[in-house]
Amino acid sequence: MRPDQISVILLAAGVGRRLQGLAEGPKVLLRFGGQTLLERHLSALHANGIEDITLTVGFEADMIRAELKRLRLEGRVRLVENPDFRQGSLVSLHVQAETMRSGRSVILMDGDVLYPSEMIGRLIAAPQENVLLLDRNLEPGDEPVKICLKDGLIVDFRKKPVHEHDWHGESVGFFRFSPAMAAILADVCADYVRTGRTDQEYEEAIRDRILLEPERFEATDISDIPWTEIDFSEDVARARNIILPKLEAVA
C-alpha cells in the first residue's frame with residue numbers, strides 16, 4: 001500500500017468528560033513529552049509518507065485550529081465540523097462521508113491514543129484488504145473494545161461480545177479500509193443517522209460489516225508495540241509514566 005493512496009480520518013470531536021478536568025479542551029491537545037497528541041499524530045503520519053489528513057472536530061474546535069496554526073500545519077490538514085459532537089462517535093465518522101467515498105483507501109484513527117510512528121507503518125504494510133490493529137495484552141473489564149476471533153476469522157467486535165470465539169484482543173482504534181469498504185461504511189453510518197441511532201459508537205458500523213463479510217477483514221497483531229488509549233485520569237498517568245519513556249527510549 002502506497003502512502004500517497006491513503007486518506008486519514010482522525011476523530012477529535014469529543015468532550016472527554018471522563019478525564020475529570022485534566023483536559024481543558026479536546027483530548028488531542030493533551031501534552032506528553034512537550035508535544036500534544038495532535039502533534040504526535042501528525043508527525044507519525046508524515047513520517048510514514050501520509051499527507052492527506054482530515055480531522056473531525058467539534059468540542060472547542062478553535063483550540064485545534066490554534067494548535068495547527070502553532071505547528072504551521074493549518075494548510076496541510078482539513079477540518080470537518082461535527083455539530084452534534086455530544087452524540088455518539090458514529091456521527092463523527094458520518095460527517096466524513098466525502099472522504100469515505102473519495103475512492104481512496106482510508107485510515108481511521110481515534111485521536112486519544114499515544115503510540116510510536118511504527119504503529120502507522122504496521123497498519124500501512126499489512127497485506128489484507130481491511131485491517132484492524134489488535135493487542136493481545138488486553139486490559140481486564142468491559143471498557144476495552146474487543147476483537148474476537150474463531151478459526152482465524154473475526155467473529156465479533158464490541159466491548160461486550162455476544163458471539164462465541166476462541167480468543168480476543170484489544171482494538172487499538174486504528175483501522176485501514178479499502179476504497180470499496182470505506183464507501184460501504186459511509187452508507188452504513190448514513191443509515192444509522194437516518195434511523196435515529198446517533199447515540200451509537202462508530203465501532204457498531206464496522207461490526208455490522210464484519211458480521212456480514214468476516215472474510216474481508218483481518219486483525220494485525222501489534223502486541224509488541226507500546227501504546228495506550230486515554231479515557232481516564234489513570235490513563236494519562238500510565239501514558240506519561242510508562243508508555244512515554246518507552247517511546248523516548250527508541251526515538
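Asp156 is found in strand S10 of this predicted model, and with a relative accessible area of 0% this residue is buried, because buried means under 20% relative accessible area. The side chain of Asp156 makes a polar contact of 2.6 Å with the side chain of Arg207. Leaving aside residues up to four places away in sequence, Asp156 touches Lys146, Ile147, Cys148, Pro161, Val162, His163 and Arg207, and Arg207 is thus named both among the residues touched and as the partner in the polar contact.

Strand S10, which covers residues 153-158, also holds Phe157, and this residue leads to the aromatic rings of the protein. A pair of aromatic rings is described by the distance of the centres and the angle of the planes. The count of aromatic pairs comes to 5, and two of them are set out in the table below.

| Aromatic pair | Centre to centre | Angle between planes | Arrangement |
|---|---|---|---|
| Phe157 and Phe175 | 5.9 Å | 85 degrees | edge-to-face |
| Phe175 and Phe177 | 5.9 Å | 5 degrees | stacked |

Phe157 lies in strand S10 and Phe175 in strand S11 (residues 167-177), so their pair ties together parts that are 18 residues apart in sequence. Both Phe157 and Phe175 are buried; for Phe175 the relative accessible area is 0%, and Phe177, at 1% relative accessibility, counts as buried as well. Ring pairs link Phe157, Phe175, Phe177 and Tyr202 into a cluster.

A second acidic residue, Asp231, is placed in the loop between strand S13 (228-229) and helix H8 (233-250). Is Asp231 buried or exposed? Although this residue sits in a loop, its relative accessibility is 7%, and Asp231 therefore counts as buried. The side chain of Asp231 is joined to the side chain of Lys27 by a polar contact of 3.2 Å. The C-alpha atoms of Asp231 and Asp112 are separated by 7.4 Å, while the two residues stand 119 residues apart along the chain.

Among the helices, H6 can be followed in some detail. This helix runs over residues 179-194, and its 16 residues reach 23 Å from the first C-alpha to the last, which is close to the 22 Å expected at 1.5 Å a residue. Which residues of H6 are buried? They are Met181, Ala182, Leu185, Ala186, Val188, Cys189, Ala190 and Tyr192. After H6 comes Gly196, which has a positive phi, near 80 degrees.

Seen as a whole, the protein has 8 helices and 13 strands. Its radius of gyration is 17 Å, close to the 18 Å that the globule rule gives for 251 residues, and the protein is therefore as compact as a globular protein of that length. Taken along the principal axes, the box filled by the C-alpha atoms is roughly 45 × 35 × 35 Å. Of the 251 residues, 54% count as buried, and the protein exposes about 11,200 Å², of which carbon and sulfur atoms supply 48%. Among the contacts with a separation of 6 or more, 74% are accounted for by residues 24 or more positions apart.

How values were computed. Residues numbered from 1 in each chain as written. Predicted model: local features only at pLDDT ≥ 70, side-chain atom pairs only at ≥ 80, totals over all residues. Heavy atoms only, no water. Helix = DSSP H or I, 4+ residues; strand = E, 2+ residues; numbered from the N terminus. Expected span 1.5 Å × (residues − 1). Buried < 20%, exposed > 50% of the residue type's maximum accessible area, 1.4 Å probe, protein only. Polar contact = N/O pair within 3.5 Å; in protein donor to acceptor, adjacent residues only side chain to side chain. Rg over C-alpha atoms; globule rule 2.2 N^0.38 Å. Contact = heavy atoms within 4.5 Å. Areas by Shrake-Rupley, 256 points an atom, 1.4 Å probe, with all protein chains shown as cover. Phe/Tyr/Trp six-rings, centres within 6.5 Å; stacked < 30°, edge-to-face > 60°.
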